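Colleague: I would like a close look at one part of this model. Please take it slowly and then show me what lies around it.

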Amino acid sequence: MLSALRRKVTIGGSSASVLGKSLLAIRPGVSTSRVSANAGKEFLLLQPRGIDHVRNFSHLILPGCSVGLTKTRDVISSIPSETILQKSRRAFSSEDRDLVDAVVPFMGESISDGTLATFLKKPGDSVAADEPIAQIETDKVTIDVVSPQAGVLQEYVAKEGDTVEPGTKIAIISKSAEGVAPAAPAEKKSEKAATKPSPPAETVEEKPKAKAEASPAVEKPKPPSTPPPKRTATEPVLPPKERERRVPMTRLRKRVATRLKDSQNTFAMLTTFNEVDMTNLMKLRSDYKDAFVEKHGVKLGFMSGFVKAAVSALQHQPIVNAVIDGDDIIYRDYIDISIAVGTPKGLVVPVVRDADKMNFAEIEKTINGLAKKATEGTISIDEMAGGSFTISNGGVYGSLLSTPIINPPQSAILGMHSIVSRPMVVGGNVVPRPMMYIALTYDHRLIDGREAVFFLRRIKDVVEDPRRLLLDV
């Protein structure tokens, strides 16, 4: 066909109709008017340049090429214009402006990393600005990772149990709901697909069964069963593994275990005991508890009395408030009392700073506020840093007597216990008295027994007669 076209062009068939007829013969789908008009223009342009240009022009009208072009046009024309505009807009605009990263906040100077404990939100949930979406467990406190802006939680880029550092990205927040695919329809589809059995699988499974039925079953001889070994009388019977649970330790629990073991390995710990008659302190509380609550808005407890007694004892025996640092002794001219608080996640020790400058009401308010934060897990590292002396009240749990362990880097700790009514000799008569055992564990490298006994004796005197605080005697 192309050779005939070339011969006609060479002979002088310069008419546009000749080329138009040839084009119709090659591409029947092209309309006559369109071909004749376009062909005339193209041939007028190609005629002066010779037959080579006609050969080049013929490549444009090959059947395979023309069909391919037609299919491409059909595909492009079938795509909605909105989709094309949207794709082009995505290509040349920044979608990242809609996405913000939720990163691990600064956790404190002494904390370099933490463990991603729990996720508080799920992908697809709406979040407000500064709303916690995850919790990170550190050696000391639990820190919340908050959403930087309001929007929708798109996805998590970290997993629970991962060790993360400050600045690590853990989630992506979308300012709008775009880009968050709903998970429910996909789950329904997958469930439907799982419930529908596939016919080909059934036919494939039936054939092997038929073959298996046809083949005679040959039973292999079973090896003779050996009787179980008899247990000796001294061999212990261990419980089955199914009745045990293995749970990884939390960061706080591991930190507490490390510090307490280091305390035992470092300090030469020794404990001295005494007992306190709580009659006068309990009477003071009973007489003024209503007026105290009405004026200060907080209940009057025993902790404020023991904190004031400890402050007085530390002022009389400043060596108990000191600490060993290498070959030196550091004497502290301030009194920061640490209060041990037991929480579901572990033991924390918030600090009542400048306790020597506080009255009973201020101490009670500070202790209540710190205990509430510790229980809720919102206490900060700054509120637990430092401390020169620790008080541990095991009496709230019913402890009668214990030997507390020093909280490093301090040098001593006071242990309070439960109040028990016991017979005591008062003025030559045996009478029941509310008594409490108190214990002082101290670092014997720094504190001698004399100072420790005098310290505990001072606490006993102040608690049994609180008027000493007013008279400073």
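Colleague: Leaving aside its neighbours within four places in sequence, which residues is Ser263 in contact with?

Modeller: Keep in mind that this model is predicted. Start with the contacts. Setting aside neighbours within four places in sequence, Ser263 touches Met269, Ile405, Ile406 and Pro408. Now place the residue. Ser263 sits in helix H9, which covers residues 251-266. Is Ser263 buried or exposed? Its relative accessible area is 0%. Buried means under 20%. Ser263 is therefore buried.

Next, look at the nonpolar core. The largest one has 69 residues. Phe306, Phe389 and Ile391 have the most contacts inside it. Helix H11 gives this core its largest share, nine residues. Look at Phe306 in detail. Beyond its neighbours within four places in sequence, Phe306 is in contact with nonpolar residues including Met278, Leu281, Ile391 and Leu414. Met416, Met436, Ile438, Ile459 and Val463 are also among the contacts of Phe306.

Stay with H11 and turn to its helix partner. Two packed helices are described by the angle between their axes and the distance between the axes. H11 spans residues 302-316, and H12 spans residues 360-376. Their axes come within 9 Å and cross at roughly 115 degrees. The crossing of H11 and H12 is right-handed. On the H11 side, the contact uses Phe302, Met303, Ser304, Gly305, Val307 and Lys308. On the H12 side, Phe360, Ile363, Glu364 and Ile367 meet them. The residues of this contact of H11 with H12 divide into six nonpolar, two polar and two charged.

Now the strands. An open sheet holds four strands, in the order E5-E4-E2-E7, with antiparallel pairing. Its edge strands are E5 (142-146) and E7 (163-164), and each pairs on one side only. Inside the order, E2 (residues 114-119) and E4 (residues 132-137) run antiparallel and are joined by four bridges. One position to find is Phe119, which stands opposite Ala134 in E4.

Finish with strand E1, residues 99-103. Its side chains alternate. Val100 and Ala102 point to one face and are buried. Leu99, Asp101 and Val103 point to the other face and are not buried. E1 runs antiparallel to E8 (residues 169-174), and five bridges join the two. Pick out Asp101 once more: its bridge partner in E8 is Ile172.

Definitions and conventions: Residues numbered from 1 in each chain as written. Predicted model: local features only at pLDDT ≥ 70, side-chain atom pairs only at ≥ 80, totals over all residues. Heavy atoms only, no water. Axes fitted to C-alpha atoms, helices over the stretch in contact; angles between N-to-C directions. Left-handed = near helix turned anticlockwise from the far one by under 90°. Contact = heavy atoms within 4.5 Å. Core = buried A, V, L, I, M, F, W, Y, C linked by side-chain atoms within 4.5 Å. Buried < 20%, exposed > 50% of the residue type's maximum accessible area, 1.4 Å probe, protein only. Pairing = 2+ DSSP bridges.
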